[in-house]
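Please open the model in your viewer and keep a selection tool at hand. The tour below moves from one selection to the next and says what is found at each stop.

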Amino acid sequence: MGYSPVSRVRCLCLSPRRASGCPQGAAGILCYVGAYVFITYDDYDHFFEDVYTLFPAVVIIAVGALLFIIGLIGCCATIRESRCGLATFVFILLLVFVTEVVVVVLGYVYRAKVENEVDRSIQKVYKTYNGTNSDAASRAIDYVQRQLHCCGIHNYSDWENTDWFKETKNQSVPLSCCRETAKSCNGSLANPSDLYAEGCEALVVKKLQEILMHVIWAALAFAAIQLLGMLCACIVLCRRSRDPAYELLITGGTYA
């Protein structure tokens, strides 16, 4: 008895042997996303005191490491043609899928908290600014103002209420407020056109929310892939137990 080309393609597509390497690729991407969140967050940690915001990133890195192990289990299971190994493969995929759903939920929860957290923290950071490179808060403010092209909390006039502005008594803001195109800018409020007009608070909130969205989209994408992987693996398990001809086709045997 023969099989049509369509049947052969269908069986080959369902074979986990060809897909067992996918988890390693997914693991690498997820770990990269998690590391990106950690590195980027480090530049804005003074403006967001809730360290639990990093929890989704920690989870996604852990999921990436687990996916690497899943890939090894999948390879061993398909090479040995082990029903037990494939069942374990499906079970771990289910755990990873649930974990990724949790990451998505946590990402949305912390994303909603970003605005309130930044609003509370940014006031303290600007008040402690002293203009020296040795001060971590001052470095953070200068970095953010240069990178996000902003000045002050809501605009450059916010600097007038800081202790640093009152102590310097030169009617100027930090040089990090100067536009890149203003070559002769010295931070003087007498030349507001040389300064960034937009405040930093809204831009910091936007940046942190974008960081969390990277985690959310990565978790959603791989949750969908994991769901498809579970369905395919389950189909393979069912067919191997019910259809001997399918087993022969997968392993390269013949069926007369």
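How many salt bridges does the count come to in this predicted model? The count comes to one salt bridge, and the tour begins there.

**First stop: the charged pair in α5**

Select R120 and E117, which form a salt bridge in which the closest N and O atoms are 2.7 Å apart. Side chains of opposite charge can pair when their charged atoms come close. If you now extend the selection to helix α5, residues 83–127, you will find that R120 and E117 both lie in this helix, three residues apart, which is about one turn of the helix. The partners can be coloured by accessibility: R120, at 43% relative accessibility, counts as partly exposed, whereas E117 is buried, with a relative accessible area of 10%.

**Second stop: S121 and a distant partner in sequence**

Stay in helix α5 and select S121, which lies in this helix and is buried, with a relative accessible area of 1%. Add F47 to the selection and draw a distance between the two C-alpha atoms: S121 and F47 are 74 residues apart in sequence, yet the C-alpha to C-alpha distance is 5.2 Å in space.

**Third stop: the annotated spans**

Next, select residues 21–39, 51–74, 86–110 and 215–238, where UniProt, in an unreviewed entry, places the feature "transmembrane region". For residues 86–110, one of these annotated spans, the end C-alpha atoms lie 36 Å apart, and the span is 100% helix and 0% strand.

**Fourth stop: the whole chain**

Zoom out and colour by secondary structure. The chain has nine helices and zero strands, and from the N terminus on its elements run α-α-α-α-α-α-α-α-α. Of the 256 residues of the chain, 43% count as buried. The chain exposes about 13700 Å², and carbon and sulfur atoms supply 61% of that area. If you compute a contact map, keeping contacts between residues at least 6 apart in sequence, 70% of these contacts join residues at least 24 apart.

**Fifth stop: helix α6**

Select α6, residues 136–148, a helix of 13 residues that reaches 18 Å from its first C-alpha to its last, close to the 18 Å expected at 1.5 Å a residue. Showing side chains here brings up a set of buried residues in α6, namely A137, S138, A140, I141, D142, V144, Q145 and L148. Just after α6, select H149 and read its backbone torsions, where you will find a positive phi of about 55°.

**Sixth stop: the disulfides**

Which cysteines are bonded, and how many disulfides does the structure hold? The structure holds three disulfides, which follow the pattern 1-6, 2-3, 4-5 when the bonded cysteines are counted along the chain. A disulfide is a covalent bond between the sulfur atoms of two cysteines.

Begin with C150 and C200, joined by a disulfide with an S to S distance of 2.0 Å. This pair links distant parts of the chain, since C150 sits in the loop between α6 (136–148) and α7 (163–168) and C200 in helix α8 (residues 200–242), 50 residues apart. The torsion about the S-S bond of C150 and C200 is about 95°, so this disulfide is right-handed, and both C150 and C200 are buried.

Move on to C151 and C177, where the S to S distance of the disulfide is 2.1 Å. C151 lies in the loop between α6 and α7 and C177 in the loop between α7 and α8, so the pair ties together parts that are 26 residues apart in sequence. The link of C151 and C177 is right-handed, with 85° about the S-S bond. C151 counts as buried at 0% relative accessibility, and C177 is buried with a relative accessible area of 0%.

Finish with C178 and C185, which a disulfide joins with an S to S distance of 2.1 Å. Is the link of C178 and C185 left-handed or right-handed? With -65° about the S-S bond, the link of C178 and C185 is left-handed, and both of these cysteines, C178 and C185, are buried.

How values were computed
Residues are numbered from 1 along each chain as its sequence is written. This is a predicted model: local features need pLDDT of at least 70, side-chain atom pairs count only at pLDDT 80 or more; totals for chains, interfaces and linings use all residues. Side-chain values use heavy atoms; hydrogens and water are left out. Helices (H or I, at least four residues) and strands (E, at least two) are DSSP runs, numbered from the N terminus. Buried means under 20% relative accessible area, exposed over 50%, partly exposed in between (1.4 Å probe, protein chains only). Contact means heavy atoms within 4.5 Å. Accessible areas come from the Shrake-Rupley method with a 1.4 Å probe; for residues, only the protein chains shown count as cover. A disulfide is a pair of cysteine sulfur atoms within 2.5 Å. The expected span of a helix is 1.5 Å times one less than its number of residues. A salt bridge is a side-chain nitrogen of Lys or Arg within 4 Å of a carboxyl oxygen of Asp or Glu. UniProt positions are given in the numbering used here, feature names are shortened, and annotations may be inferred rather than shown by experiment.
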